[in-house]
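Thanks for coming. I have one model to walk through, and I will go straight to the strands.

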Amino acid sequence: MPDTTAVLTCTALKKSFAGVHAVQGVDLDLVAGECFGMLGPNGAGKTTTIEILEGLTELDGGEVRIFGHAPGDVRVRERVGIALQETELPDRLSVVECVRLFRSFYARGREVDAVIKHLELDEKRDARVAKLSGGQRQRLALACALVGNPDLLFLDEPTTGLDPQARLKVWEIVLAFKAGGGTVLLTTHYMEEAARLCDRLAVLDHGRVIARGSPKGLIASLGAAHVIEVITSPALDDAALGALPSVVRVSAKADARVLHAADVSAALPALLSLAASRGAHVKHVSTREATLEDVFVHLTGAGLRDA
Amino acid sequence: MPDSSPSSSLVELTRMRVLMFVRDPGAVFWVFGFPLVLAFVLGLAFRNRPPDPMHVVVADDPALAAQLKADVTLAVDEAPLDDARWKLRRAQADVLVYRSGGTVTYRYDETRPEGRVARLAVERALERANGRADTLSSADEKVSEPGSRYIDFLVPGLIGMNLMGSSLWGIAYSLVDARKKKLLKRLAATPMKRSDFLLSILLSRLVFLGFELVALVAIGWLAFGVAVQGSLAAVAVLSLLGGLGFAGIAMLIGARTASTETAGGLMNLVMMPMYLLSGAFFSSKHFPDVLQPFIKALPLTALNDSLRAVINEGASLGSQRVPIAIMAAWGLVPFVIALRTFRWQ
Ligand SMILES: Nc1ncnc2c1ncn2[C@@H]1O[C@H](COP(=O)(O)OP(=O)(O)OP(=O)(O)O)[C@@H](O)[C@H]1O
Ligand SMILES: [Mg+2]
């Protein structure tokens with residue numbers, strides 16, 4: 001039976017590094033069995049936040065409780081699995097040696113070979129870390145995180161730099177962990193990943209949570225489920241575009257105007273007749289559903305990956 | 001499925017360190033191969049030869065030469081006078097002998113001990129050949145003290161040098177490398193006992209120290225006949241203490257440093273003076289007296305001197321209290337500071 005008790009709460013988290021305010025008052029709460037995502041551009045403070053929660057970074061202010069204890073408490077470390085943003089496991093050890101090493105730290109972990117099989121590393125069981133591909137390394141990092149049989153998993157950008165197939169495997173592993181009742185806190189740059197894995201999200205920027213909610217809820221908060229991108233020559237003015245039926249917002253993206261519309265069937269014919277009446281030639285028009293990316297652009301004025 | 005019988009993390013951490021080392025061919029060569037090569041090369045270069053004969057050149061006098069050739073301690077050469085003088089000048093001969101009228105003349109360089117000795121030996125040989133009898137009865141007793149050859153001096157120095165190099169590289173470098181690669185940080189996030197991690201460093205050093213010591217002592221003994229005059233247990237105890245001393249220094253270097261370049265520089269800064277001053281290749285007694293207290297306080301000096309006392313002179317462990325105290329201090333003080341200041345990231 002899934003319980004809804006708080007696994008992790010943190011309030012008013014603050015951390016500065018020599019004048020850089022990396023985290024400026026972050027509140028989070030995770031309930032058992034959910035996957036919680038932190039989204040944000042480079043330097044938003046995701047890694048700093050997660051490493052405070054892992055007990056690796058001292059906090060300057062705020063309060064954190066994990067399973068009722070302070071972060072870094074050995075009772076917490078026993079129940080938490082971690083994959084840092086960047087860890088190089090010893091090149092000269094084999095896969096099974098690494099997993100066995102990590103297994104030895106936990107009082108009640110999982111069986112080494114079972115974890116290796118679960119992460120589809122059995123073929124590479126005796127291969128040296130130096131010889132693994134990026135995706136295999138990431139799965140090994142997850143194996144080291146899972147072998148302690150954790151109740152809570154911290155994953156800092158678990159799929160950055162992986163190809164789509166390797167990413168898919170990582171997603172499966174995370175979803176399987178969740179299906180087994182585990183709780184996950186992950187950070188990511190990928191909207192698709194956040195949408196696929198996370199029950200709830202917090203969007204971070206400049207060390208602050210600027211929006212939070214479920215992926216669907218965040219998209220709905222745009223007030224318009226659809227996006228129309230149009231390029232005309234000459235360009236149409238934003239005032240006229242914004243006055244079109246059901247359009248709630250107009251923005252620019254390179255040559256294109258981007259219209260957020262609640263109802264495409266009303267907005268699109270009106271857009272085309274506006275162009276015709278102005279004598280503007282429509283070079284491109286496309287429609288799609290709004291995504292988290294649009295939420296992000298709307299909130300921060302910048303794309304996730306180029307912020 | 002939970003697995004409730006894991007191996008101990010101390011064992012696993014030690015195993016990790018041992019495996020990482022033995023799988024690094026470069027490190028294995030520098031720790032094991034290089035000192036052995038060095039022992040061989042230096043041992044061959046400085047091995048003891050039979051005593052050199054004294055070189056005599058006889059000018060234009062075959063009869064005189066024949067008398068001298070009867071003495072096996074003399075190497076006799078014959079030449080015309082001009083050539084013979086030239087040989088003497090070039091130190092190809094220690095003494096030139098010629099006869100004019102009834103007088104035998106010895107020509108030699110008084111400032112060269114070889115010259116003076118050769119003159120006496122030649123004179124004695126000629127006098128005996130011409131009938132002089134010894135008036136005292138005498139006997140020769142030739143000695144070669146065990147442990148007095150250069151290779152006897154060298155082998156303990158190589159052991160000391162090797163323990164220093166392998167401890168520093170094996171500990172300091174690997175710590176800094178693990179910190180740089182965020183492995184220390186990752187370990188710190190597990191419930192791993194920090195004391196297990198630090199203990200595993202010492203344990204894995206102990207394993208290697210055993211191998212290094214056995215290899216060097218065995219090579220010294222089998223290849224060069226360097227016998228351990230004192231007890232093997234004393235050698236082991238001193239090496240262990242020396243190893244701990246270097247481990248303390250290595251932990252201190254590795255406690256906070258985050259770049260392997262900085263660590264390399266610090267290690268050289270520590271090791272260079274000791275290579276030069278601590279008497280690995282030649283006795284540190286050649287350095288000026290003002291430096292001696294400083295030199296004696298270095299851990300490598302303490303290790304080298306005490307190993308030499310035990311290996312070459314058969315000294316007991318009890319007689320080595322001062323070097324033992326010095327090594328123990330080097331093991332303890334930096335280690336405690338390192339523990340206090342250690343950084344996991
Ligand atoms: N150890 C540190 N010393 C100084 N500044 C730091 C340190 N760690 C992080 N910062 C700064 O704090 C800010 C937040 O960094 P953080 O690593 O938390 O960002 P992030 O959201 O994880 O970014 P990314 O997506 O690139 O991983 C950045 O401006 C960074 O430069
Ligand atoms: Mg980060």
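In strand β5 of chain B, Y106(B) is the bridge partner of V97(B). This is a predicted model, so please hear everything that follows in that light. The strands concerned are β4(B) and β5(B), residues 103-107, and they run antiparallel with five bridges joining them. Two residues separate them in a hairpin, and in that turn G101(B) has a positive phi of about 65°.

β4(B) has another partner as well. Residues 95-100, which make up β4(B), pair in the parallel sense with β2(B), residues 54-59, over three bridges. If you want a place to look on screen, find V56(B), which stands opposite V95(B) in β4(B). In general, strands of a sheet pair through backbone hydrogen bonds, and the pairing can be parallel or antiparallel.

Now to chain A, starting at the beginning of its sequence. Strand β1(A), residues 6-17, runs antiparallel to β2(A), and nine bridges join the two. One of the opposed pairs there is C10(A) with L28(A) in β2(A). These two strands also form a hairpin with two residues between them, where A18(A) takes a positive phi near 35°.

Next, the six-stranded sheet of chain A. It is open, its pairing is mixed, and the strand order is β5-β7-β8-β3-β9-β10. Which strands stand at the edges? They are β5(A), residues 80-83, and β10(A), residues 208-213; each has a single partner strand, so one side of each is left without a neighbour in the sheet. On average, neighbouring strands here are turned by 15° against each other, direction ignored.

Inside that order, β3(A), residues 35-39, and β9(A), residues 200-205, pair in the parallel sense over four bridges. G37(A) stands opposite L201(A) of β9(A). There is also a side-chain link to mention: E34(A) and R200(A) meet in a salt bridge, 2.7 Å from N to O. That pair links distant parts of the chain, with E34(A) in the loop between β2(A) and β3(A), R200(A) in strand β9(A), and the two positions 166 residues apart. Over all chains, a search of the whole structure finds 27 salt bridges.

The other sheet I want to show in chain A has four strands. It is an open sheet with antiparallel pairing, in the order β12-β13-β11-β14. At its edges stand β12(A), residues 247-253, and β14(A), residues 281-289, each with a single partner strand, so one side of each has no neighbour in the sheet. Here the average turn between neighbouring strands is 20°, direction ignored. Within the sheet, β11(A) and β13(A), residues 256-261, run antiparallel and are joined by five bridges. V230(A) has R257(A) in β13(A) as its bridge partner.

Two backbone details before the interface. The peptide bond from S233(A) to P234(A) is cis, with omega near -5°. P234(A) lies in the loop between β11(A) and α9(A), the latter being residues 238-242. The other detail is N149(A), whose phi is near 55°, a positive value in a residue other than glycine. N149(A) is found in the loop between α5(A) and β7(A).

Last, the interface. How many residues of each chain are in contact? The count is 31 residues of chain A with 28 residues of chain B. About 2,900 Å² is buried between the chains, and carbon and sulfur atoms give 60% of that. On the side of chain A, R77(A), R92(A) and F105(A) lose the most area to chain B, together 22% of what that side buries.

As for charges and polar atoms, the rule finds four salt bridges across this interface. E97(A) and R23(B) meet in a salt bridge at 2.7 Å, N to O. In general, side chains of opposite charge can pair when their charged atoms come close. Eight residue pairs are in polar contact across the interface, with both residues at pLDDT 80 or more.

Where does the side of chain A that touches chain B come from? The elements giving two or more residues are α2(A), α3(A), β6(A) and α5(A). α3(A) provides the largest share, five residues. By type, the residues of that side divide into 14 nonpolar, five polar and twelve charged.

That is what I have.

Conventions: Residues are numbered from 1 along each chain as its sequence is written. Chains are lettered from A and ligands numbered from 1 in the order in which they are written. This is a predicted model: local features need pLDDT of at least 70, side-chain atom pairs count only at pLDDT 80 or more; totals for chains, interfaces and linings use all residues. Side-chain values use heavy atoms; hydrogens and water are left out. Contact means heavy atoms within 4.5 Å. Buried area is the accessible area (1.4 Å probe) that two parts lose on being put together, summed over both. A polar contact is a pair of N or O atoms within 3.5 Å; within protein, one must be able to donate a hydrogen and the other to accept it, and residues adjacent in sequence count only if both atoms are side-chain atoms. Ala, Val, Leu, Ile, Met, Phe, Trp, Tyr, Cys and Pro count as nonpolar, Asp, Glu, Lys and Arg as charged, and the others, Gly among them, as polar. Two strands pair if DSSP finds at least two bridges between them. Axes are lines fitted to C-alpha atoms, for helices over the stretch in contact, and angles run from 0 to 180 degrees between N-to-C directions.
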